[in-house]
Amino acid sequence: MFKAILIEKDNAGYRAGLTEMDDARLPDGDVTVRVAYSSLNYKDGLAITGKGPVVRSFPMVPGIDLVGTVEASSHAAYQAGDTVVLNGWGVGEVHWGGLAQRARLKGDWLVPLPAAFTPRQAMAIGTAGYTAMLCVLALERHGVTPDKGEILVTGAAGGVGSVAVALLARLGYTVVASTGRAAEADYLKSLGAAEIIDRNLLSVPGKPLARERWAGAVDTVGSHTLANVCAAMKYRGVVAACGLAQGADLPATVMPFILRGVTLAGVDSVYCPRPDRLEAWQRLARDLDPAVLESLTTEIGLDEAVAVATELMAGQVRGRVVVDVN
Ligand code: NDP
């Protein structure tokens, strides 16, 4: 028997709760993992609360991230005792996920725990942190170097945002953090932000082009915010777009792209190819200060996951949430 969060949807409605179940209920897969930690991401919040159509089959164990020890494996790359990390691949959406003490997965989805991190640190990073690194890599790939100018991070006090601020600051960029939470200004400065701006300046409809300010941007918010970010990019500036916390729409014009050569670089973590994942984890090992990571992390138990998911959806959670499932 093992404990898990289970999401059910039937005539009685949509609900998520802590339950105990038999190992025989685990889905198919070639690797069985004793989970140590999971984490809470925006997508887990959508799944648990039912606020977004994330879960594609029911019942579902949510949790797009997990770290744990292999108990049994018929996959050539993994043996009992190995410590492995999983991010994405539809886990927690179409395949049972990490908010449980056991998981059965495809070995091809796993990466070995990087030597630089403890299991808990790997989940403090989680999909949000690994996505923040993918965004930084996208800016680098398009030639955004620290000397080019200021980098804007939107949704800065959230999980992706917090890690992006920390990474970019450590790499020598001048980071401007956009947040709706003025009370988190000191927190964002402690992560390395040089300046804090009010997200309300960006979240309302704006002009097709604005004063050129940003050399690069990491946008976790979408909608009018992303449109306004694009409008205020410097000539040949680059926006790494990964999120939709304000909305999935993009009410923009092509002006920034055709007049200023702005690049809109999309970032997906879920089906990101393995070589890019490994590169992102290697760079996290190099570029993320463990003390800063700890400072942006809160730990909860599995029995708190449903309540904290509701807080996350209400924009009340700061940084990253690690879930100790045991
Ligand atoms: P969090 O909830 O931790 O952070 C989201 C932040 O966005 C909030 O903390 C808040 O920041 C800001 N925000 C929330 N609501 C609004 C709003 N209505 N208008 C403007 N800003 C808002 O989530 P994560 O960091 O886990 O994820 C951030 C986004 O990135 C999500 O949309 C998520 O789906 C996406 N994502 C995408 C991935 C990919 O593969 N493309 C992978 C991981 C995440 P503040 O309080 O500072 O204003």
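**Exercise 1. Polar contacts of the ligand**

How far is an oxygen atom of the ligand from a polar backbone atom of A245? Treat the structure as a predicted model, and list further backbone contacts of the ligand.

*Solution.*
Step 1. In this predicted model, the distance from a ligand oxygen atom to a polar backbone atom of A245 is 3.4 Å. This pair counts as a polar contact because the cut-off is 3.5 Å between N or O atoms.
Step 2. At V160, a polar backbone atom lies 2.7 Å from an oxygen atom of the ligand.
Step 3. At C242, the ligand partner is a nitrogen atom, 3.0 Å from a polar backbone atom of that residue.
Step 4. Taken alone, the ligand exposes 910 Å², of which the protein buries 87%.

**Exercise 2. The shell around the ligand**

Determine where the ligand sits and which parts of the protein surround the ligand.

*Solution.*
Step 1. The largest pocket holds the ligand.
Step 2. There are 25 residues around the ligand, and those that come nearest are V160, T179, G180, R181 and S269.
Step 3. Sorted by class, this shell comprises 12 polar, 10 nonpolar and three charged residues.
Step 4. Helices α2 (119-141) and α3 (159-170) each contribute at least two residues to the shell.
Step 5. At the level of domains, at least three shell residues come from domain 1 (2-113 + 296-324), and at least three from domain 2 (126-266).

**Exercise 3. Backbone geometry**

Which residues does a cis peptide bond join, and in which helix is S223, a residue with a positive phi, found?

*Solution.*
Step 1. Recall the general expectation: most peptide bonds are trans, and most residues other than glycine have a negative phi.
Step 2. The peptide bond between F58 and P59 is cis, with omega of about -5 degrees.
Step 3. P59 is placed in the loop between α1 (42-49) and β4 (65-73).
Step 4. S223 is not a glycine, yet its phi is positive, at about 50 degrees.
Step 5. S223 belongs to helix α5, which covers residues 223-231.

Note on methods:
Residues numbered from 1 in each chain as written. Predicted model: local features only at pLDDT ≥ 70, side-chain atom pairs only at ≥ 80, totals over all residues. Heavy atoms only, no water. Near = heavy atom within 4 Å. Polar contact = N/O pair within 3.5 Å; in protein donor to acceptor, adjacent residues only side chain to side chain. Areas by Shrake-Rupley, 256 points an atom, 1.4 Å probe, with all protein chains shown as cover. 1 Å grid on protein atoms, 1.4 Å probe; cavity = no way out; pocket = protein on both sides within 12 Å on 5 of 7 lines; lining within 4 Å. Sits in = over half its atoms within 2 Å of the grid points. Helix = DSSP H or I, 4+ residues; strand = E, 2+ residues; numbered from the N terminus. Nonpolar A, V, L, I, M, F, W, Y, C, P; charged D, E, K, R; others polar. Domains from an automatic or database assignment.
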